[in-house]
Amino acid sequence: MSSIIILGLNLHAWITIICILGIFLVLLRLHIPTEVVFLAALTILLVTGVVTEEEGMAGFGSEPVVIHAAFFVIIAGLMQSGVLYWLTKHVLGDPKNYRDALVRLSVPIAVLGALLNAVNIVALFIDAVKIWARKLNIAPSKLLLPLSYAATLGGMCTLLGSSSNILIAGLYLSKTGQPMNIFAPLVPGLVLTVVGILMVIAMRKLIPDRVSPEQSFESTSDYTVELLVPTDNESVGMTVGEAKLKQVKGGSLIEIVRFDKEIIMPVEDDEFILGGDRLIYAGQINEILNLKKTHGLVAADHHVYNINEIDSNRKMRTAYVVYGSDLIGKRITESDFEKDNDMVLVAVARQGKRVNGQPREIKLQAGDTLLLECPPKNDELLQESTKHSLTFFDSHFVPQLGPRTVTAAILLVLMFILSSFHVMPLMAVMMLTAGAMLATKCCRMKNVTKYIEWDLLLILGTTVVFSIAITKTGISYNVANYLLSFCGHNPYMVMALMCLLASVTSEFVSDVGSGAIFFPIVWQQAELLGCNPMPFVMSLMLSVTISFSSPIGSNTHMLIYGPGSFKFTDFARLGILMHLVLLVICLIVVNIIYPI
């Protein structure tokens, strides 16, 4: 089957191309988790024989996957021992104004992003930055976007700072047999970081000012809250007026939804109350929820027959709908989310503003902020149970600082020393450090799994296999030849064109996916030109990370999308300019450091 040639490519090559294009289209058009899309494409490659079972499994046992898995254990050790908590508490300081806040935020965050991976740092500092914003009386978006930029820019400086850096370094090792130094991208990455931070500070007026979702929930404007009348409630059979449920403290009854879906609106005083009625109130949430105690009403997630089911220990929490969530495009009533997690949706905010209507009948979108009534679970258990649908950022976990804090910090420093001086391969260093974290009880095995991003490991494994398929089927050779003829065999033009294509692609897929697709092509081009492959590899490594124009291509942008109440287009205002400027500087600096 693979011997069939169409336009110079065999059938296996066309299957690979169709799979890659399919990944682009599905991720752009549908709200399907990225790892599911990549795994589906990998399945097609395996079933059609494009890659063998050994090649498919090799991707999941490759260096990038193993390094990432070990790194998650190390992060767990730094979290549980209190190292990252100590850094959060002491690194940022106390800014006097917005400009001072940008400087104090950007520099340490960039350094930490290089050492501990940009995504981990952004997730860690979101709450701290939101507190800063309240102190300075500015919108959280004015600091959250610079937080994302600083962490991503800093992440370019080391192999550990970015997932795409680790991936490309692993692919480089498979081609040459020589490991990259952990600080290989330091000099060009540092130049890009400095320029990028200066651009953010100089053009801070382009950073959007968005009302935070928490502010919208804390304001005195009306919100709709649903409460259910239990069958044995004493108000059943009374009129709304008799039960004193029309005008209540903090709001008013605007609608009744009968158990047979009949909607009564407006609600008159002489309307009778039936068991199973859903009462829709508008007003101040906390005040209205007191009706659960004063009038024996319950949360409207299901028909409750006994008032004793009310749990007075439940608490209000805010969460954000993540990209790829199975809640996107659905009403909460169309899923088992509330039942499975023992939560009730109370209100919905979108881009900092309350969404009118019955909360449980609102079609949810990525980035929506949900106000949820939650069980008295441990914060970490709550986050773990909903991690694929929602993200909670109001965690109050405070670790105990002590001897293990010092131990974890020492292990982190030793990790960088061993990898910097090539005492042993990077993968071995990471596994050794992870093992030491467990052996010294800086983290415990039973608590490590919640820090592992299984979806990222799956994506990394599949992208490595796609890189193998692109080389194996001759796609890289044919594309490289075509582009060389188009650019007249000018290595600088070839490099510039490939980096532009790769960086634009990463805006719509991810830096990891773009790096895996374009690595075999740029490597083939370097070989055909007879050039040093390092400038091609390094320019690709940096250019796929410069995906600042959309939230899809940047994992750090996706983390702040909900908490900052951003619109999709907000990232393009400053992001497109930064993308173009940094791409040009990247090509210039890389070619100065690594001559072709």
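## Overall fold

A contact here means heavy atoms within 4.5 Å. Among contacts between residues at least 6 apart in the sequence of the protein chain, 77% join residues at least 24 apart. The model is predicted. The chain holds 26 helices and 13 strands. Of its 596 residues, 56% are buried. The exposed surface comes to about 24,800 Å², and carbon and sulfur atoms supply 62% of that area.

One pair illustrates contrast between sequence and space. Leu28 and Ile552 are 524 residues apart in sequence, yet their C-alpha atoms are 8.8 Å apart. Leu28 belongs to helix 1, residues 11–29. Leu28 counts as partly exposed because its relative accessibility is 43%, which falls between the 20% and 50% cut-offs.

## Confidence

The average pLDDT of the protein chain is 83. A score of at least 70 is reached by 88% of the residues. Residues 302–312 are a weak stretch: pLDDT stays under 50 there. The model still gives this stretch 23 contacts beyond four places in sequence. Where pLDDT is low, predicted coordinates should not be read in detail.

## Nonpolar cores

The largest nonpolar core has 141 residues. Which members touch the most others? They are Leu78 and Met180. Beyond four places in sequence, Met180 touches Leu159, Ala169, Tyr172 and His422. Met180 also touches Met534, Val537, Met538 and Met541. Apart from this core lies another, of 21 residues. Val229, Ile273, Leu289 and Leu371 are among the members of that other core.

## Helix 24

Helix 24 spans residues 533–543. Why is helix 24 described as largely enclosed by the rest of the structure? Because 10 of its 11 residues are buried. The buried set runs through Met534, Pro535, Phe536, Val537, Met538, Ser539, Leu540, Met541, Leu542 and Ser543. Four of these names, Met534, Val537, Met538 and Met541, also appear among the residues touched by Met180.

The buried residues of helix 24 pack against several other helices. These are helix 9 (163–176), helix 10 (186–202), helix 22 (491–508), helix 23 (511–529) and helix 26 (570–593). At the start of helix 24, Asn532 contributes a side-chain oxygen. That oxygen reaches to within 3.1 Å of the backbone nitrogen of Met534.

## Asp368 and Lys130

Asp368 sits in the loop between strand 11 (353–354) and strand 12 (369–374). Is Asp368 buried or exposed? Asp368 is buried, with a relative accessible area of 1%. Its side chain makes a polar contact of 2.7 Å with the side chain of Arg350. Beyond four places in sequence, Asp368 touches Ala319, Tyr320, Val321, Val348, Ala349, Arg350 and Lys363.

Tyr320, one of the residues touched by Asp368, also joins Lys130 through a side-chain polar contact of 3.4 Å. Lys130 lies in helix 7, residues 118–136. Lys130 counts as buried because its relative accessibility is 7%, below the 20% cut-off. Lys130 and Lys142 are 12 residues apart in sequence, and their C-alpha atoms are 9.8 Å apart.

## Cysteines

How many disulfides does the structure hold? The number is 0. Cys499 is in no disulfide, and the nearest cysteine sulfur, that of Cys586, is 5.7 Å away. A pair would have to come within 2.5 Å to count. Cys499 is buried at 2% relative accessibility. Cys531 is buried as well, at 16%.

## Positive phi

Most residues other than glycine have a negative phi. Asn117 has a positive phi, near 80°. Asn117 lies in the loop between helix 6 (98–116) and helix 7. Asn117 is buried, with a relative accessible area of 6%.

Lys441 is not a glycine either, and its phi is positive at about 60°. Where is Lys441 found? Lys441 is in the loop between helix 18 (426–439) and helix 19 (445–448). Lys441 is partly exposed, with a relative accessible area of 44%.

Methods. Residues numbered from 1 in each chain as written. Heavy atoms only, no water. Helix = DSSP H or I, 4+ residues; strand = E, 2+ residues; numbered from the N terminus. Buried < 20%, exposed > 50% of the residue type's maximum accessible area, 1.4 Å probe, protein only. Polar contact = N/O pair within 3.5 Å; in protein donor to acceptor, adjacent residues only side chain to side chain. pLDDT = per-residue confidence, 0-100. Areas by Shrake-Rupley, 256 points an atom, 1.4 Å probe, with all protein chains shown as cover. Core = buried A, V, L, I, M, F, W, Y, C linked by side-chain atoms within 4.5 Å.
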